Amino acid sequence: MAERGRGGSLTGTRIRERRNLVGMRQAELARRAGISASYLNLIEHNRRRIGGKLLLSLAEALGVEPSALSEGAEAALLAQLRQAAADRPEAGADLERIEEFVGRFPGWAQLVAQQGQRLGALQQAVEALTDRLTHDPHLAASLHEVLSTVTAIHASAEILVAEKELEPEWRDRFNRNIREDSARLAEGARRLVEELDEGETSEAAIASPQDQVEGFLSDHGFHFPALEGGAEDGAVEALLSTAGERLGSGAARLMARRVLDRYAREAAALPVSAVIEALPEGVVLDPAALGARFGVDAGRMMRRLATLPADRLAEKGQAPLGLVACDASGTLTFRKPLDRFPLPRFGAACPLWPLFQALSRPMMPIAGKIRLAGRSEGVFVTHAIAQPVGAPVANRDPTFEAHMLIQPGRAEDPVDLPRVGVTCRICPKADCRGRREPSIMAESGG
Amino acid sequence: MSKSVLVVEDEPNIIEAISFILSRDGWHVSSHSNGEDAVEAIRARAPDLVILDVMLPGRSGYDILRELRAGEGAGANLPVLMLTARGQTKDRALAEEIGASRFMSKPFSNAEVLEAVNALVAP
């Protein structure tokens, strides 16, 4: 049977690998976990979903942390597949067997997930185009001009055809009008085509400016060596000029420039080596405390931590960090996902995220652990804070933005943590006070 | 005495063609090509019917019609034939909602204009 090629990251595959590693027979492991060998066989081939007590028993019998068995890099792929299933409920995709599908047909699963993503991007492109035809005043004016010119030609030509006895001076007049209008029509049509073309029809450009900026940042791993250690003049420009199609629209380039300018300022104030030096060895980071050491606020510290490269973080036994930011409306304005903590690309996030709690308690750092509802039930440590945007102005209420730093948890305390989701449609959590819309996922009993 | 029509349109050759066919049909035709002072022009000339383009320099035909319908006097009930370059349902609905007597999308034929005008005002 085709198994996952990349280090076996599905729960069943991991259990089997670990069992083989410690040289334990299937029957022995089954006995210790209190299940039948045939049931274990199904689990090991990803045909049964497990969690809770059985996962704990198997982990104990194999001498590993439960998280080592349950948390795989497949979370993002599974989330994409669930989203694809949610988008086409009529297809009747069997969500109960989603892991078996990923385990047995990894290539096909990737294909379905990619097609789903592409469909989403194309849908967005269509919406952007429709929106443009409806709301772009330049385009509307050009279309109106072309149609008006066509109307004038049409009306004049009809008169010339219908009026057999037309006086010569009228005939000459309408002929002249048609000639003039034809020239204008040619020019108007050319301009219209130019406006429609204008390099704005490429798919990259149709993605929202935020998507383009995040795609650009992601291409660089959210880290820019050229902006570290006192960036030279023109370094931001040089980076932007290499982005090409990635930043296909003017709005995306403007937003990317702001992000990179801020990156350069924060990199100068918080050099990589100094920050790495200050990190605690292998334990949870506290961005507020770290920020205090450098004399910067927690939000700024979080942004800086999220730009640190994985190899430098590894020096202190730290895993890569995720970051998400939102404005006062709750709209996500920045997304750096983790493999096991996918962030919603379309639609709104889970309202239970500490990110949003922070908005209702401005200036107070909110630290805690959460469990991500779903297959892996991964544990994450989050630090969130809402802070005013810009400097205070007398007698003016501040506008807030919130940041949330996401660190992989260590699963040492996996019970009784608040369970949050990614986004409602693909979240299995039952009886959720934050639910906006029904989920396509049934709560897993396993 | 012939009935009068005021064509509020910024495209001179459309004005010329419409003027020609309506004049031949016995109408007295005048024109106005700016949106900004169109309401004043309509009130001052008090035509029997107005042909009103939606996209005019200075002010949209929708705004002009709204003001006409909101005011006292002849403008409130004046037959207005609206011309637009977009035949979308929502444009038609908007024109009807604010009180257009009839709606026509460009490009239209001369016969259509003639038919519409004569249907709105008996010559």
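**Exercise 1. Which residue follows α16(A), and what is the sign of its phi?**

Solution. Before we start, note that this is a predicted model, in which local features need pLDDT of at least 70, side-chain atom pairs count only at pLDDT 80 or more, and totals for chains, interfaces and linings use all residues. Residues are numbered from 1 along each chain as its sequence is written, while chains are lettered from A and ligands numbered from 1 in the order in which they are written.

Step 1. Find the end of helix α16 of chain A, which covers residues 287–294. Helices here are DSSP runs (H or I, at least four residues), as are strands (E, at least two), numbered from the N terminus.

Step 2. Move on to G295(A), which comes after α16(A) and has a positive phi, near 70°.

**Exercise 2. Find the buried residues of α16(A) and say how they are arranged.**

Solution. Step 1. A residue is buried if 20 or more other C-beta atoms lie within 10 Å of its own, exposed if 12 or fewer, and partly exposed in between, with C-beta atoms placed from the backbone. In α16(A), the buried residues are P287(A), L290(A) and G291(A).

Step 2. Looking down the axis of α16(A), we find these buried residues within an arc of 100°, so they line one face of the helix. The arc is that of the directions from the helix axis to the C-beta atoms.

Step 3. Their cover includes α15 (272–278), α17 (298–306), β4 (379–388) and β5 (400–408) of chain A.

**Exercise 3. Describe how chain B touches chain A.**

Solution. Step 1. Two residues are in contact if their C-beta atoms, placed from the backbone, lie within 7 Å. By this rule, 15 residues of chain B are in contact with 14 residues of chain A.

Step 2. On the chain B side, helix α1 (residues 12–24) gives the most, with 7 residues.

Step 3. Sort that side by class: 9 residues are nonpolar, 3 polar and 3 charged. Ala, Val, Leu, Ile, Met, Phe, Trp, Tyr, Cys and Pro count as nonpolar, Asp, Glu, Lys and Arg as charged, and the others, Gly among them, as polar.

**Exercise 4. Outline the build of chain B.**

Solution. Step 1. Chain B has 5 helices and 5 strands, and from the N terminus on they run β-α-β-α-β-α-β-α-β-α.

Step 2. Of its 123 residues, 37% count as buried.
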